[in-house]
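Notebook open, structure loaded. I'm jotting down what I look up as I go.

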Amino acid sequence: MLLIASPFLLDLLFFWNNEVFTEGIKHAEKRVSLLLLPLFILSQNHRLNTILILRYYALATTAILSFCLIRFAIISPELFNKYLNGIDLWEMGYEFARSINMHAPALNMHVAFVMVINFYFFKEALGQIRKTHIVWRFVFFLFSLIVLFYINTRLAIVNAFFGIILVSFFGNKTVFSAKSLKKLAVGLAVFIVLGIGFVKLFPYNIQKFSDVTFAHLDKVGKLDQLENPEAEAFNGLVTRLSIWKSSLEVALKNPVIGVGAADGKQEVVAYFKDTNQQFLAKYEFPVHNQYLDFWIKFGILGLAVSLLYVFLFLYIGIASRQVLCVFFFILFASANFVDDFLIRFDGIVFSGIWLSIFTKNALDIKLDKLK
């Protein structure tokens, strides 16, 4: 419970380091769920049916998001027509996410997890249950994959691809067996065919994953030298690298105790201004890297705790042989490398509740072995 609650405990330990105590309380309040969730879940005497929870969660989320996508097409037909005609494709997933009051990268992290869960149950159904069940599980896998591609966050799509590979092979005594290769082929075939279909329908995807992502890497820390950084670099890797470069320099100014949870972003924005990085200062970008963010706020202990919290998923997944927990580690670890989900309430609760559920499952398995 204490390990899961460790980000919240950091808030308590370094509370004195905030310039304004009320702002410190606001940040701690968001992370108090990391104390409450494991307290309620891990203290249960009865077993949790983790597999059933995962299945219903994936089915419900897929159904809700599919409905929201249809609703979006109805209430925003002008945007759909723009996308179909190849206009402003960069905003496609962001506008849909805004229509349900969510941040596109955060939403697509959820969808990537749901899509891999749906594939897991589809894979488990092959050759074991009735064909009608297999068809329905395939349909939910397909719908979640469509939503994933529509929101179109690069990292989530890459993670989902590797998630299919991981789920296909995990748990087999002979990893490269004919059965596991067949299941892998089915999943990747659907993924690739649908991916090709989206590229044909929205050819901007090729540009987004290549030229837009890796353009102007020689301008790291010098974005103002670009004629129009909003158009040329806003969605590019160069902007992330420029933010990280400045954030690392801020972290190294106070490497031991940090600057306080409430003052981290202000220190980074102030550094943008001090170093005359007008584009970054104008938009007041957050750190976009959870590990750097905690280092800035809580010093070297914050960096250690952020890594500990994320790697708990890997430890629990391996201990319980739960492939979906291992995949969550890959997804959450990589997502926090390019964003900071432990400062967002949705990211805090999303990770906290699943870490608690997977941990309860691991403890139940350990208890069964002791009986």
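Started at Lys245, which I find partly exposed, with a relative accessible area of 37 + 4% written plainly as 41%. Striking out that sum, which was my slip: the relative accessible area of Lys245 is simply 41%. (Buried is under 20% relative accessible area, exposed over 50%, partly exposed in between, with a 1.4 Å probe and protein chains only.) The model is a predicted one, so I keep to its cut-offs: local features need pLDDT of at least 70, side-chain atom pairs count only at pLDDT 80 or more, and totals for chains, interfaces and linings use all residues. Residues are numbered from 1 along each chain as its sequence is written, and side-chain values use heavy atoms, with hydrogens and water left out.

**Salt bridges**

What does Lys245 pair with in a salt bridge? Its partner is Glu249, and the closest N and O atoms are 3.1 Å apart. (A salt bridge here is a side-chain nitrogen of Lys or Arg within 4 Å of a carboxyl oxygen of Asp or Glu.) Both sit in helix α13 (residues 237–253), 4 residues apart, so about one helical turn separates them. Glu249 is partly exposed too, at 28%. (Helices are DSSP runs of H or I, at least four residues, and strands are runs of E, at least two, numbered from the N terminus.)

I then ran the search over the whole structure and got 8 salt bridges. One of them joins Arg31 and Asp11, with 2.6 Å between the closest N and O atoms. This pair links distant parts of the chain: Arg31 is in helix α2 and Asp11 in helix α1 (residues 6–13), 20 residues apart. Buried or exposed, Arg31? Arg31 counts as buried, at 0% relative accessibility, and Asp11 is buried as well, at 2%.

Next I checked Glu95 and Arg98, whose side chains meet in a salt bridge at 2.6 Å, N to O. They share helix α6 (residues 92–99) and are 3 residues apart, about one turn of the helix. Glu95 is partly exposed at 22%, and Arg98 is partly exposed at 48%. Side chains of opposite charge can pair when their charged atoms come close.

**Positive phi**

Most residues other than glycine have a negative phi. I went looking for exceptions. Asn101 is one: not a glycine, yet its phi is positive, about 60°. I found Asn101 in the loop between α6 and α7 (104–125), exposed at 73%. Arg321 is not a glycine either and has a positive phi of about 55°. Arg321 belongs to the loop between α17 and α18 (323–338) and is exposed at 57%.

**Far in sequence**

How many residues apart in sequence are Glu29 and Phe345? They are 316 residues apart, but 9.5 Å in space, C-alpha to C-alpha. Glu29 lies in helix α2 (residues 21–31) and counts as exposed at 56%.

I noted another such pair, Asp346 and Ala106: 240 residues apart along the chain, with 7.8 Å between their C-alpha atoms. Asp346 is in helix α19 and is partly exposed at 23%.

**Second largest pocket**

I put its volume down as about 300 Å³. Of the 15 lining residues, the closest to the centre are Tyr315, Ile316, Thr359, Ala362 and Leu363. (The method: on a 1 Å grid over the protein atoms alone, a cavity is a set of points where a 1.4 Å probe fits but cannot get out, and a pocket is an open set with protein on both sides within 12 Å along at least five of seven lines; lining residues have an atom within 4 Å of a point. Grid points are joined across faces, edges and corners, and the volume is the space filled by probe spheres set on the points.)

Which helix gives the largest share of the lining? That is α19, with 6 residues. Both α17 (300–320) and α19 (345–370) supply at least two residues each. By type I get 11 nonpolar, 2 polar and 2 charged. (Ala, Val, Leu, Ile, Met, Phe, Trp, Tyr, Cys and Pro count as nonpolar, Asp, Glu, Lys and Arg as charged, the others, Gly among them, as polar.)

**Surface patch**

Last lookup: Met1, Leu35, Leu36, Leu39 and Phe40 make a nonpolar surface patch, with about 440 Å² of accessible area together. (Patch residues have over 30% relative accessible area and no salt bridge; like charges are joined within 9 Å, nonpolar side chains (Val, Leu, Ile, Met, Phe, Trp, Tyr) within 5 Å. Areas come from the Shrake-Rupley method with a 1.4 Å probe, and for residues only the protein chains shown count as cover.) Leu36 is in helix α3 (residues 33–42) and is partly exposed at 37%.
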